[in-house]
Amino acid sequence: MRVVVNALSARLGGGQTYLKHLLSHLPAADDLDVLVFAPESLALPQDARIRRGKPRWPTSNPLLRSVWERLALPGILRRERADLLFCPGGLISTRPPPGCRTATMFRNMTPFDTRARASVPLGLQRIRLWMLEHLMLESMAKADLTIFISEFARGVIECRITLRQARTIPHGISPAFRTVGRPLARPAKLPPGDCLLYVSKFDSHKHQLEVVHGFSMLPRELQRRHPLVLIGEMDHASARLVLAARDGQCEPGTVHLLGPIPYAELPAFYAHASAFVFASSCENCPNILLEALGSGRPVLSSNVMPMPEFGGPSIEYFSPFDPADIARALRRVLDDPVHARAVGAAALQESLRYDWATSAARTWAELRRLVRGDHLGAAEPAPSARTS
């Protein structure tokens, strides 16, 4: 099976994490030949069946990348005699030659979330989201197979367009984040004591500001015993608001903004947190929440879908729009060690449903079935939200 993967848009975290695990778990098939177009920053696994493709002109600019996909990629597919073009970034700008199937994924929820879009100032970024919404719908409608990573996201799209074929395959959890029982050294950047941890880039729909407001409502003694640690890129305007709220409302020295931390170092931060907070209101498959579940620490999560789809019924939920509800959830876990242990055990149990090897195996199996034509014309009904 000859597969061409167009992953040139995977320039940051989640997209590269997905590709790394997908390509690291190739099926044991001698006929598999995978040509990958991806940024140089993505290190490809050492496998004789994987080759790196290099466009003849720069593709970091989305416009230049689109031109390459329309003009150059069809010729590459013909020369490679490709059986399949796989575009995990969600956009298919290429007209494939006869006999070449197409598959894509739906990973970016932001263009389809009205609240998240409304938080973006009027201008080019808002126009970009509108264009992405229409281009992604067009790509999924014409793809031979669309892979979804949550049942929630699948429902959003299937209410809008008719798909030729759809499968739901959630992401997995890297073994590095399964830290229970592993003696990981405490990171020097963590403040002493039992820390609350929130890992996510700063953005309005990540609700770090509401989390800090909720934290400020806790008794001062509880703030001192469980300082709040925020990790993530701080280039969004909401970071300035968080700093102002910290300085004006919280007990001094109890809220720490560490900025970005290298991905490979994060498991140690998860392992030494007393509890983990995840307050996003716009996700597709929340990788950070999955990693928190794998740590076995008590997890307090946004109650906005699809978070309950992945967190299950037994972790602690709150409204990310309501600081008072965030404070309630924090107190329930921090004031009750028995409840905290139960929430941590529930998180660990839920994490067992998510594994990258399984996710990759299911993906490759569906791609092979697509090439063989096994399920063309035989639509799969969407499974329940608790089925992985």
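The following questions and answers concern a predicted model. Residues are numbered from 1 along each chain as its sequence is written, and side-chain values use heavy atoms, with hydrogens and water left out. Local features need pLDDT of at least 70 and side-chain atom pairs count only at pLDDT 80 or more, whereas totals for chains, interfaces and linings use all residues.

User: In what order do the seven strands of the open sheet stand?

Analyst: Strands are DSSP runs (E, at least two residues), numbered from the N terminus, and two of them pair if DSSP finds at least two bridges between them. Pairing in this open sheet is parallel. At its edges, β3 (50-53) and β7 (166-168) each pair on one side only. The order is β3-β2-β1-β4-β5-β6-β7.

User: Which residue in β2 stands opposite V5?

Analyst: Strand β1 (residues 2-6) and strand β2 (residues 33-37) run parallel and are joined by five bridges. The residue opposite V5 is V36.

User: How many residues apart in sequence are the parts tied together by E366 and R167?

Analyst: E366 and R167 form a salt bridge (a side-chain nitrogen of Lys or Arg within 4 Å of a carboxyl oxygen of Asp or Glu). Both residues are buried (under 20% relative accessible area, 1.4 Å probe, protein chains only). E366 lies in helix α15 (residues 356-372; helices are DSSP runs of H or I, at least four residues) and R167 in strand β7, so the separation of these parts is 199 residues.

User: What is the relative accessible area of E350, the partner of R353 in a salt bridge?

Analyst: The closest N and O atoms of R353 and E350 are 3.4 Å apart. E350 is buried, because its relative accessible area is 12%.

Definitions and conventions. Buried means under 20% relative accessible area, exposed over 50%, partly exposed in between (1.4 Å probe, protein chains only).
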